[in-house]
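Here are a few short exercises on burial, contacts and aromatic rings. Have a go at each one before you read the solution.

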Amino acid sequence: MQTFTANDAKTHFGEFIDRVQREPVRVTRRNRVVGIMVSPSDYEAMRVFYADRLRRTLDQTAAHATARGLTEQQLETLLADDS
């Protein structure tokens, strides 16, 4: 992964944007990573991937809870508990 300092990204913005279209680019400031710039298509692919992963985890958790006897009423009680 290519690395640009924040100052280089600002100074060479056109090159920076072109590079991002080909691969993710790490941005640093004072030798610390402050961000990763990705193309819109890479970002959308990551969003879809993590949304699907979350949906599968929620489905598995719900199936496990149901198999262990959790009812809708018990779930409502648990979710309403403010403690």
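**Exercise 1.** Work out how Phe 13 is classed by its accessibility, and do likewise for Phe 16.

*Solution.* Keep in mind that this is a predicted model. Start with the cut-offs: buried is under 20% relative accessible area, exposed is over 50%, and partly exposed is in between. Phe 13 comes out at 47%, so call it partly exposed. Phe 16 sits at 4%, so this one is buried. Now place them: both belong to helix α2 (residues 13–22), three residues apart, or about one turn of the helix.

**Exercise 2.** Find out what kind of aromatic pair Phe 13 and Phe 16 make, then try Phe 49 and Tyr 50.

*Solution.* The model has three aromatic pairs. For Phe 13 and Phe 16, the ring centres are 6.2 Å apart and the planes meet at 35°, so this pair is tilted. Phe 13 and Phe 16 also join Phe 4 in one aromatic cluster. For Phe 49 and Tyr 50, the centres are 5.0 Å apart with the planes at 85°; planes over 60 degrees apart count as edge-to-face, so that's the label here. As for accessibility, Phe 49 is partly exposed at 46%, and Tyr 50 is partly exposed at 47%.

**Exercise 3.** Describe the surroundings of Ser 39.

*Solution.* First locate Ser 39: look in the loop between β3 (32–37) and α3 (40–67). Its relative accessibility is 3%, so Ser 39 is buried. Next, check its side chain, which makes a polar contact with the side chain of Ser 41 at 3.2 Å. Finally, leave out residues up to four places away in sequence, and Ser 39 touches Val 20 and Gln 21.

Terms used. Residues are numbered from 1 along each chain as its sequence is written. This is a predicted model: local features need pLDDT of at least 70, side-chain atom pairs count only at pLDDT 80 or more; totals for chains, interfaces and linings use all residues. Side-chain values use heavy atoms; hydrogens and water are left out. Helices (H or I, at least four residues) and strands (E, at least two) are DSSP runs, numbered from the N terminus. Buried means under 20% relative accessible area, exposed over 50%, partly exposed in between (1.4 Å probe, protein chains only). A polar contact is a pair of N or O atoms within 3.5 Å; within protein, one must be able to donate a hydrogen and the other to accept it, and residues adjacent in sequence count only if both atoms are side-chain atoms. Contact means heavy atoms within 4.5 Å. Rings of Phe, Tyr and Trp (its six-membered ring) pair if their centres lie within 6.5 Å; planes under 30 degrees apart count as stacked, over 60 as edge-to-face and the rest as tilted.
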